[in-house]
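Student: Could you take me through a close look at the place where the two chains meet, and then at the nonpolar core?

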Amino acid sequence: MSDTTRAIPDRLRSPLDQRIKSWETLLLAVAIAIFITNSFMSPFFLNAWNLSDMTFNFTEKAMIAFAMALLIISGEIDLSVASIIALASTAMGAAVQIGVGTPGLVLIGLTVGLLCGAFNGFLVTRMGLPSIVVTIGTMSLFRGISYIVLGDQAFRGYPPDFAFFGQGYVFWVISFELALFAVLAVIYYVVLHRTNFGRAVYAIGNNPVAAEFSGIRVARVKFILFLLTGLMSGIAAICLTSRLGSTRPSIAFGWELEIVTMVVLGGVSILGGSGSIPGVVIAAFVMGLVTFGLGLLNVPGIVMSIVIGALLIGVIALPRLWERWRLQAAKR
Amino acid sequence: MARQDLMSREVLLTGAIVLLLGIIASRFPAFVAPSNLVSVFNDTAPLILLAIGQMIVILTRCIDLSVAANLALTGMVVAMVNVAMPGLPVPVIIALAISCGALLGMFNGVLVWQLAIPPIVVTLGTMTIFRGTIFLLSEGRWINAHQLSDAFKGFPRAAFLGLPVMTWITLAVVLLFVVVMTRTTLGRAFYAAGGNPHAATYAGINVGRTQFWAFTICGALAGLAGYLWVSRFAVAFVDLARGFELTVVAACVIGGVAIMGGRGTVLGAMLGALFLGIISNALPVVNISPFWQLAISGSAIIIAVALNASANRKEGRIILKRAEQAT
């Protein structure tokens with residue numbers, strides 16, 4: 001991306017050196033620094049239950065962020081995820097009104113998510129439309145349908161056992177959502193970093209034409225990624241609806257940008273082709289820790305967003321400024 | 001050839017708008033009364049201003065998601081200046097709004113130009129930073145009508161030759177940018193930088209600096225729209241125009257601006273904005289719940305982008321790709 005020419009090194013960097021200077025390590029350092037600062041700033045921070053509560057800040061967003069990471073690595077983007085949550089939640093809420101039980105609700109949430117993902121995938125891969133515009137359109141469309149159905153009303157009355165997904169605990173302070181987050185993180189790690197499919201995703205992001213010539217079915221891989229993103233949004237919709245216990249059409253409003261922020265903060269290149277799941281996991285914790293720590297200090301949510309925004313630009317700008325300064329110093 | 005295509009897009013959109021107005025008029029003739037059409041245009045004015053700015057940014061293969069936050073921040077700044085110094089004349093306020101918006105735009109531009117950070121990342125970040133700054137400045141309080149001076153509130157509504165000043169300002173901006181985009185080297189540079197950055201570089205155009213100016217112009221227009229919005233509705237608060245950035249992108253897409261850069265016109269952006277403005281103004285009139293608006297504009301975006309894509313397929317740039325695939 002930058003036009004500066006780099007000297008070709010005469011030997012490979014050692015694996016240890018690579019690991020120390022990697023994005024993930026930098027981010028982990030930031031996360032630990034925030035953690036330590038928080039524990040000094042607030043006496044309530046180091047408490048297992050408080051920390052467990054903290055994870056609710058990011059688990060649902062992070063589930064979508066995993067699929068979004070793959071999608072962005074492949075060079076596409078999906079801005080409609082939050083609206084898919086709204087539509088899936090509305091569909092579940094409507095089903096409750098006619099007496100559908102918990103298994104049915106879960107099925108409906110997942111199906112709506114998949115259908116929305118398929119719709120996006122169809123428009124992008126079959127019609128060849130740019131994903132950023134398509135998903136801005138479907139973002140309005142999906143949430144728009146929720147507004148048509150609900151208006152200024154809300155769906156309530158979810159069955160008691162449905163509450164488990166958003167409020168239940170698997171073991172001690174480990175919530176169901178946190179456990180699901182961990183399981184999904186492992187699955188996505190394996191898929192992206194250990195399978196042919198993951199290789200294909202990177203290949204497509206780096207050079208779609210070359211990928212096509214290497215025998216990768218680019219359109220099909222991208223379609224699957226849109227499906228996955230829709231599915232994850234459906235899962236997030238189940239968790240969030242269960243946690244809130246009600247559905248309004250404004251549910252999860254603005255999450256798409258927070259999720260993209262999380263993915264980019266995690267070191268995924270917005271231009272496609274690079275990024276990792278561990279990075280996204282750490283970024284999720286960083287965002288959760290910042291929000292929670294400042295919350296304990298009674299800092300309003302909107303101010304936290306400044307910190308997140310500055311973090312997003314800062315973590316990308318600082319290494320580049322550093323590089324530029326070093327180049328200038330070397331010239332002198 | 002390309003020029004004809006562009007013309008046909010604008011003709012198509014004008015036709016769609018006329019058709020839309022015709023359908024509404026068949027049941028509610030009062031909607032197309034000149035006075036009402038002026039008020040619809042007036043309501044859409046901020047969207048038109050933002051869409052023109054956004055179009056220029058998109059032309060250079062960038063995107064600015066911070067426009068709505070810029071509008072709200074500038075609006076809050078001028079409102080607070082007005083509260084602190086009620087005597088300050090309106091032209092000074094407008095100059096302040098434009099420079100404040102331009103400065104915020106420059107901040108985006110510098111990050112994109114000098115550090116080569118992808119524009120979508122930069123403006124996602126600055127969007128939240130600007131919003132947060134409004135909160136820090138205002139401490140979360142609203143600035144309401146009674147706190148603002150009469151001159152501040154009255155200026156955009158004042159009638160001049162039968163039309164509100166806000167409409168005149170918007171028309172002047174449209175005219176100015178039609179000239180800038182079609183008759184100046186800077187305008188050509190915007191198209192060149194987005195149409196083919198490599199060719200533009202060889203032609204002696206500094207692509208990064210062109211993008212910087214695009215962000216600056218977009219910011220300045222957002223600043224102007226910020227003053228107009230706050231003075232017209234006589235209120236400034238943190239969440240002003242939240243989510244509006246995507247409506248602005250939608251207006252551009254409907255107006256035939258190609259998201260991959262290099263294609264689009266000021267007239268198209270204005271028509272795209274008007275299309276959305278007419279829908280949002282007409283829904284309550286034709287007795288459809290305003291809750292339909294989001295879904296309708298969403299469908300309009302998808303249809304428009306499908307049309308854009310089929311128009312672009314005829315274009316020369318694609319030939320190369322086809323040749324690549326053939327080998």
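Tutor: What follows goes from the contact between the chains to the core.

This is a predicted model, in which local features need pLDDT of at least 70 and side-chain atom pairs count only at pLDDT 80 or more, while totals for chains, interfaces and linings use all residues. Residues are numbered from 1 along each chain as its sequence is written, and chains are lettered from A in the order in which they are written.

The contact draws 43 residues from chain A and 40 residues from chain B, where two residues are in contact if their C-beta atoms, placed from the backbone, lie within 7 Å. On the side of chain B that touches chain A, two or more residues come from each of α5 (119-138), α11 (244-254) and α13 (293-313) of chain B, these helices being DSSP runs of H or I with at least four residues, numbered from the N terminus. The largest share of that side, 13 residues, belongs to α5(B).

Turning to the core, the largest nonpolar core holds 207 residues, and I85(A), A51(B) and I52(B) touch the most other members; such a core is a set of buried Ala, Val, Leu, Ile, Met, Phe, Trp, Tyr and Cys residues joined through C-beta atoms within 7 Å, and buried means that 20 or more other C-beta atoms lie within 10 Å of a residue's own. Helix α10 (residues 207-233) of chain B gives the most to this core, namely 15 residues. Apart from neighbours within four places in sequence, A51(B) has contacts that include V248(B), A251(B) and C252(B).

Terms used:
Buried ≥ 20, exposed ≤ 12 C-beta atoms within 10 Å, placed from the backbone.
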